[in-house]
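Got the model open on your bench screen? Let's walk through it with some quick questions and answers.

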Amino acid sequence: MRLLFIAPNVPLHDRNSGDFRLYSLLKILSQTNTITFLAQRRVCPGPSEDDRYASQLSELGIDVHVQDYSIVNILRTQRFQAAVLEFYFLAEHYLPRIRLLQPSCPVIIDTVDVHYARLLSKYQTTEDEQDLRDSEETLRREMDIYSKADKVIAITEDDAHQLLRACPQLDVAIIPNIHSPVSLSGIQNKNRLIFVGGFGHDPNTDAVLYFCKDILPLIRSKMPDVKLTIAGSDPSQRIRDLGNEHITVIITIVK
């Protein structure tokens with residue numbers, strides 16, 4: 001099959017879980033399909049970094065276009081058996097164009113997250129009315145575009161249930177994160193904890209701050225020698241300042 005993938009950026013697969021999942025899907029599908037991949041923008045500090053990740057997709061046989069492309073020209077010159085769009089806000093832009101220029105092409109939206117539910121959880125913590133309005137508006141936008149897709153992909157069963165509760169007529173499939181199994185037998189220093197995440201995603205920052213303030217002290221009261229390692233890209237100063245004799249903060253710099 002000839003497949004079209006459109007995402008905000010080339011997958012930075014060694015920097016965050018969502019991009020690793022997308023890269024893994026592309027790697028699997030590229031073995032038996034012809035893929036055109038469009039990245040809406042560059043995100044790395046220098047063009048060479050984006051180009052390095054784009055080259056890794058090209059090595060899989062994927063036709064990669066970063067920022068400098070015309071979706072109209074691509075849809076007029078290539079026929080696709082399916083189009084996969086990441087995120088509801090990106091689908092709002094591209095789905096109508098695909099429907100217009102290739103009406104027979106099935107459109108699949110990969111949700112990546114249930115965005116309205118995350119914002120609702122934020123409101124339940126902050127009790128800020130603006131957060132509630134943001135959640136309600138995001139719910140409206142998500143369900144409007146998802147209802148126009150041929151299929152919607154969720155990451156977990158819980159995500160799928162939330163989507164179907166909001167819009168029962170959706171055709172939802174589940175594609176979780178993809179990781180190779182790792183044996184834990186024989187591992188020493190078992191009183192060790194690690195958190196891995198990209199801190200450009202606000203919930204990761206909230207999770208670590210909450211864990212270190214409210215949860216880790218409870219664990220240490222029972223296991224005084226427990227150690228926590230926090231590893232991830234783009235940590236704020238608040239995350240960096242967590243480092244002490246019990247907590248190690250590792251800033252991942254990928255070259």
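Helices (H or I, at least four residues) and strands (E, at least two) are DSSP runs, numbered from the N terminus. This is a predicted model, where local features need pLDDT of at least 70 and side-chain atom pairs count only at pLDDT 80 or more, while totals for chains, interfaces and linings use all residues. Residues are numbered from 1 along each chain as its sequence is written, and side-chain values use heavy atoms, with hydrogens and water left out.

Q: Which helix gives the most residues to the lining of the second largest pocket?
A: A pocket here is found on a 1 Å grid over the protein atoms alone, as an open set of points where a 1.4 Å probe fits, with protein on both sides within 12 Å along at least five of seven lines; lining residues have an atom within 4 Å of a point. Two helices, α5 (115-126) and α8 (202-222), each supply at least two lining residues. The top contributor, with six residues, is α5.

Q: How much space lies in the second largest pocket?
A: Its lining includes Arg118, Lys122, His201 and Asp206. For the volume, grid points are joined across faces, edges and corners, and the space filled by probe spheres set on the points is taken. That comes to about 330 Å³.

Q: How many residues of that lining are charged?
A: Ala, Val, Leu, Ile, Met, Phe, Trp, Tyr, Cys and Pro count as nonpolar, Asp, Glu, Lys and Arg as charged, and the others, Gly among them, as polar. Sorted that way, the lining has three nonpolar and four polar residues. The charged ones number four.

Q: Which helix supplies the largest share of the largest nonpolar core?
A: Such a core is a set of buried Ala, Val, Leu, Ile, Met, Phe, Trp, Tyr and Cys residues joined through side-chain atoms within 4.5 Å. The largest one has 32 residues, and Leu4, Ile6, Leu85, Ile98, Tyr146 and Leu163 have the most contacts inside it. Six of the core residues come from one helix, residues 88-101, and that's α4.

Q: How many residues are in the second, separate core?
A: Don't mix this one up with the core around Leu4, whose contacts beyond four places in sequence include Leu38, Ile71, Phe80 and Ile98 (contact means heavy atoms within 4.5 Å). The separate core includes Phe5, Tyr23, Ala39 and Ile108. Its size is 22 residues.

Q: Is Ser135 buried or exposed?
A: Ser135 lies in helix α6 and touches Tyr116, Leu119 and Leu120, leaving out residues up to four places away. The cut-offs are under 20% relative accessible area for buried, over 50% for exposed, and partly exposed in between (1.4 Å probe, protein chains only). Ser135 has 3% relative accessibility, so it counts as buried.

Q: What residue forms a salt bridge with Arg141?
A: A salt bridge is a side-chain nitrogen of Lys or Arg within 4 Å of a carboxyl oxygen of Asp or Glu, and by that rule the count comes to twelve. In this pair the closest N and O atoms are 2.5 Å apart. Arg141 is in helix α6 (residues 129-146) and its partner in helix α4, so the bridge ties together parts 49 residues apart in sequence. The partner, partly exposed at 26%, is Glu92.

Q: Which residues does the network of salt bridges that share partners join?
A: Start with the Arg15 to Glu49 bridge, where the closest N and O atoms are 2.6 Å apart. That pair links distant parts of the chain, from the loop between β1 (2-7) and α1 (17-29) to helix α2 (residues 47-58). Shared partners bring in one further name, and the network joins Arg15, Glu49 and Arg52.

Q: What is the phi of Asp234, roughly?
A: Asp234 sits in the loop between β9 (227-232) and α9 (237-240). At 57% relative accessibility, Asp234 counts as exposed. Its phi is positive although it is not a glycine, at about 55°.

Q: Where does Val112, with its positive phi, lie?
A: Val112 isn't a glycine either, and its phi is near 65°. With a relative accessible area of 23%, Val112 is partly exposed. Look in the loop between β5 (107-110) and α5.
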